[in-house]
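Biologist: Please take a close look at one strand in this model, its neighbours and the loop before it. Then set that part in the context of the whole chain.

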Amino acid sequence: MSLATVHSRALDGLAAAPVTVEVHLANGLPSFTVVGLADTEVKEARERVRAALQNSGLGFPANKRITVNLAPADLPKEGGRFDLPMALGLLAANGQIDATRLARFECAGELSLAGELRPVRGALAMALALRRADAGRELLLPEASAAEAALVDGLSVRQAAHLLDVVAALQPEGEGLARAAALPRERQAGLPDLADIKGQAGPKRALEIAAAGGHSLLMVGPPGTGKSMLAQRLAGLLPALDDEAALESAAVLSLAGQFDISRWGQRPLRAPHHSASSVALVGGGSPPRPGEISLAQHGVLFLDEIPEFPRAALEALREPLETGRILISRAARQAEFPARFQLVAAMNPCPCGHLGNPLRACRCSPDQVARYQGRLSGPFLDRLDLLIEVPVIPPRELQDLAPGEPSAVVAQRVAQARERAVARQGVANAQLQAQDLATHAELEPAAKALLERSAEKLGWSARSFHRVLRVARTIADLDGAARIGSGHVAEAIQLRRGLPGQAG
């Protein structure tokens, strides 16, 4: 047989598009040609496959004209994932393995020059795509990648450590490959505890509300007041991920080669440096890869020193904050990634950092303060739910303060409030659509009047009005109240203060 077909998949955004690897052997001048919009890494597979077959003692058709077609031809292919399909296609076309048995598999894997199989990125994305396609095929991967893909229930995943193991299993009388066992799913442990932070009752309360409703949060305060410590403890307050959400989060991390089974079920905390570009935050490249907002799927994105981020990078977050997804459009193609993240940001109130600090005088002029705070645009601030100040606690008072509530106690209240919201409307309060607020965020008459007066006096936009209403709904859920009262609205208004020196 001079023609063989092997099934594989290419990463196309979060999707893993099916790819058919066709290998043809013909008479003529010896050559090895790879066609089908293959990247440089894929074309280099010719040398890896040649060396792996020869060093494994397998026959390589050196006197043949070899053509490998990766179909569909208009889909970009990158990485070393097609090494194993190419090698198996060559062996099947040369009659060295059973092509009928090979047709039952979808495979991917990078080959070493000695024939060992190395892991590939996106194993979880491949497994999820194969399960959705319901093609009736098994997935064949290197051992490390197979253990990752086996986390997907309802799918048969086979593993191999060497090319010879695969060849032996695909002989007419072969015994078959070992089935991959899913890695143990260990829940999160050892996260920073909220009890480590002394004082700061107001910011801690804001953190609890943010966790209960999934709200975005901006903390403003002088250096050393605990803003970063508070942000790092938010992930420990959030409810545990269910298996489906954990798979979604892990699949995005797998695309970037950053999935770690020891963090299974743990909400990711991403904290990029303020020099990150807009592409680093929202994703991009060729082919497109997920950015920090997608890697923080179902987790926390912490932007410390947020005014220092490039303006374009912050403005690029505006749409994902609203929609929970990011569509990267390029001239050649589009890629969509999930972006359901919880934004937590921290900043100093001025360039020197000491505006409002009772212990040190601020040396910045009003114009310098205005320019510094103006790095955050009005439309961006409008999309944040909670804007709070983190005050300075004098060191002498700090030493005498008792530890606060541990994260486990606060997390229990957060989980109960989140359960009430999900039972009532199916989503967290931060994701509640504007048209559903009248149904699920019912206000008492006095609370309604207070909210309307405040909106008029402070000049809120309709978006700000709705965000305060969602926060009030979360506060009511924490209190176990069916309707939103005046106290809930008043606290929500206090948690949306303007930046120091601004009206609100």
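Modeller: I start with the ground rules, then take the strand, then the rest of the chain.
This is a predicted model, in which local features need pLDDT of at least 70, side-chain atom pairs count only at pLDDT 80 or more, and totals for chains, interfaces and linings use all residues. Residues are numbered from 1 along each chain as its sequence is written, and side-chain values use heavy atoms, with hydrogens and water left out.

The strand is β15, residues 300–303. Helices (H or I, at least four residues) and strands (E, at least two) are DSSP runs, numbered from the N terminus. V300 and F302 point one way from β15, and L301 and L303 point the other way. All four are buried. Buried means under 20% relative accessible area, exposed over 50%, and partly exposed in between, using a 1.4 Å probe and protein chains only.

Now the neighbours. Strands pair if DSSP finds at least two bridges between them. Strand β12, residues 269–270, pairs with β15 in the parallel sense over two bridges. In that pairing L269 stands opposite V300. Strand β18, residues 342–347, also runs parallel to β15, and four bridges join them. There F302 stands opposite V344.

The loop before the strand holds H298, between α12 (292–295) and β15. Phi of H298 is near 60°, a positive value in a residue other than glycine. Most residues other than glycine have a negative phi, and most peptide bonds are trans. H298 counts as buried because its relative accessibility is 19%.

Next, the record. UniProt lists residues 213–394 as "domain: AAA+ ATPase", in an unreviewed entry. Its positions are given in the numbering used here, feature names are shortened, and annotations may be inferred rather than shown by experiment. Over residues 213–394 the chain is 29% helix and 19% strand. The end C-alpha atoms of that stretch are 32 Å apart.

A second strand offers a contrast in burial. In β3, residues 31–35, F32 and V34 point to one face and are buried. S31, T33 and V35 point to the other face and are not buried. β3 pairs with β4, residues 65–71, in the parallel sense over five bridges. S31 stands opposite R65 in β4. The loop between β3 and α1 (40–43) holds L37. Phi of L37 is near 55°, again positive in a residue other than glycine. L37 counts as partly exposed because its relative accessibility is 48%. P72 lies in the loop between β4 and α3 (83–93). The peptide bond from A71 to P72 is cis, with omega near 5°.

One helix pair is also worth a look. The axes of α5 (residues 123–133) and α10 (residues 243–255) come within 7 Å and cross at roughly 125°. That crossing makes α5 oblique to α10. Axes are lines fitted to C-alpha atoms, for helices over the stretch in contact, with angles from 0 to 180 degrees between N-to-C directions. Angles under 35 degrees count as roughly parallel, over 145 as roughly antiparallel, 65 to 115 as roughly perpendicular, and the rest as oblique. Residues in this contact (heavy atoms within 4.5 Å) include L124 and L128 in α5 and L247 and A251 in α10.

Last, the whole chain. It has 22 helices and 19 strands. Buried residues make up 52% of its 504 residues. Its C-alpha trace spans about 85 × 45 × 45 Å along the principal axes.
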